[in-house]
Amino acid sequence: MCRIGAIKSKNKLHPSIALKLMRSQQKGHDDSGFAFVMQDMGGLFENYKDLPLLSMAATVEGTRLAEDILREIGFSRVMQWSPDISNKKGLKIEAMPNYVFEVLQYPKSFKHATKEEKEELLIDTALRLRKVLDETKSGFIYSFWHDTLTLKEIGSPKDIGTYFNLWQENSDLTAHIITAQCRQNTNYDIVRYAAHPFFLEGYTALVNGENTFYEKNKFYQMSLYKGYMGFESDSQCLLYTLHYIHKVLKWPLQYFKHTVTPLSYNEIIKRPDSEILLRIKASLANLEINGPNTMLAVTPDKELMCVCDSKKLRPIVIGRDENTVIMTSEVCGINDLLPDRDISKDIYPNEHETILVKKDLTIERWQQ
């Protein structure tokens with residue numbers, strides 16, 4: 001099994017906290033990689049929340065190609081952060097030559113553009129960058145969105161932390177939300193894009209488990225939206241369904257659970273909202289998932305979300321103190337980071353629940 005974690009705090013968190021969360025669960029992953037997404041940024045990025053932040057790993061040629069495309073579109077660099085590389089001998093990591101984390105100003109023609117128009121520009125630009133980098137085999141674009149930074153790497157999580165000097169906490173690179181996973185990519189080739197968390201237009205998802213309806217989900221989703229691509233992991237399908245339900249269809253988050261793990265017909269017909277649920281079950285049957293899995297997610301509203309499969313076959317626990325909420329695979333991770341919390345308030349979600357951590361850290365539990 002993989003090990004996943006999502007942390008939301010009133011305080012600004014450094015990525016070292018995600019490494020420590022995964023370290024205590026190290027027997028549950030295969031040392032093949034480490035990845036994280038930071039949202040609601042602090043530190044050097046705190047004053048640029050309304051501008052897009054590009055996260056990319058590339059060769060020298062890939063970096064040049066990306067810069068040429070961005071310049072052609074009309075983006076201009078506002079600020080760039082470079083990780084403090086510590087390339088010690090013997091580290092288990094398949095590092096790329098360049099890591100690009102830069103804040104960009106929108107093209108002048110978008111000065112009076114709407115939020116929707118700017119978001120459309122960002123997704124179109126990200127898709128164009130990925131296409132060029134894929135064709136030239138010269139790099140990977142992980143996210144191009146405001147207030148979001150993403151890093152994915154192949155190798156030992158411990159050594160990845162050492163390489164990027166992430167074990168040493170500092171105030172430059174911080175965020176109020178960090179999601180992370182130590183990858184165990186056993187079903188497909190190990191590539192950077194296959195590493196959780198997955199990100200699309202403000203939505204982040206990471207999954208512990210398998211989706212045996214992957215093919216059915218994939219071929220249906222490919223026709224739904226231009227941003228549903230790659231499919232390097234069966235778990236990406238859950239991100240795309242969340243995005244489709246909430247952003248494209250604009251349905252309340254409660255209907256995500258009813259889409260991916262619908263109730264049986266006999267259960268539905270007894271409910272007052274049976275007509276709606278039957279329509280979902282019939283019209284979106286190709287988005288139903290199967291197999292053991294637990295999904296953690298972040299919404300554009302900076303809320304954390306947790307949904308389990310209909311049999312609850314993958315572990316998850318939620319713990320908190322007054323400033324921080326942690327969702328993760330094993331309670332030992334929370335014990336390490338929040339040793340003084342009230343453990344009687346820990347939550348072990350069931351198979352019919354959706355857990356939502358609101359912006360103010362209040363927790364809602366929705367029964368399906």
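Glutamate 119 is buried in this predicted model, with a relative accessibility of 9%. The side chain of glutamate 119 forms a salt bridge with lysine 115, and the closest N and O atoms of the pair are 2.7 Å apart. Lysine 115, by contrast, counts as exposed, at 54% relative accessibility. The bridge therefore joins a buried residue, glutamate 119, to an exposed one, lysine 115. Both residues belong to helix H3 and lie 4 residues apart, so about one helical turn separates them.

Helix H3 spans residues 115-136 and packs against helix H2, which spans residues 60-73. Two packed helices are described by the angle between their axes and the distance between the axes. For H2 and H3, the axes come within 10 Å and cross at roughly 150 degrees. Helix H2 is therefore roughly antiparallel to H3, because angles over 145 degrees are placed in that class. The crossing of the two helices is right-handed. On the H2 side, the contact is made by Gly62, Leu65, Ala66, Ile69, Leu70, Glu72 and Ile73. On the H3 side, Leu121, Thr125, Arg128, Leu129, Val132, Leu133 and Thr136 take part. By residue type, the contact of H2 with H3 consists of 9 nonpolar, 3 polar and 2 charged residues.

The salt bridge between glutamate 119 and lysine 115 is one of 24 in the structure. Another is formed by aspartate 346 and arginine 341, where the closest N and O atoms are 2.7 Å apart. Aspartate 346 is buried, with a relative accessible area of 14%. Arginine 341 is also buried, at 8% relative accessibility. Both values fall under the 20% limit for burial, so this bridge has a buried residue at each end, aspartate 346 and arginine 341. Elsewhere, Asp40, Lys49, Asp147 and Lys302 are joined into one network by salt bridges that share partners.

A further salt bridge links the side chains of aspartate 273 and arginine 271, with an N to O distance of 2.9 Å. Aspartate 273 has a relative accessible area of 22% and is partly exposed. Arginine 271 is likewise partly exposed, with a relative accessible area of 23%. The partly exposed class lies between the limits of 20% and 50%, which is why aspartate 273, at 22%, and arginine 271, at 23%, are not counted as buried.

Technical notes: Residues numbered from 1 in each chain as written. Predicted model: local features only at pLDDT ≥ 70, side-chain atom pairs only at ≥ 80, totals over all residues. Heavy atoms only, no water. Axes fitted to C-alpha atoms, helices over the stretch in contact; angles between N-to-C directions. Parallel < 35°, antiparallel > 145°, perpendicular 65-115°, else oblique. Left-handed = near helix turned anticlockwise from the far one by under 90°. Contact = heavy atoms within 4.5 Å. Nonpolar A, V, L, I, M, F, W, Y, C, P; charged D, E, K, R; others polar. Salt bridge = Lys/Arg side-chain N within 4 Å of Asp/Glu carboxyl O. Buried < 20%, exposed > 50% of the residue type's maximum accessible area, 1.4 Å probe, protein only.
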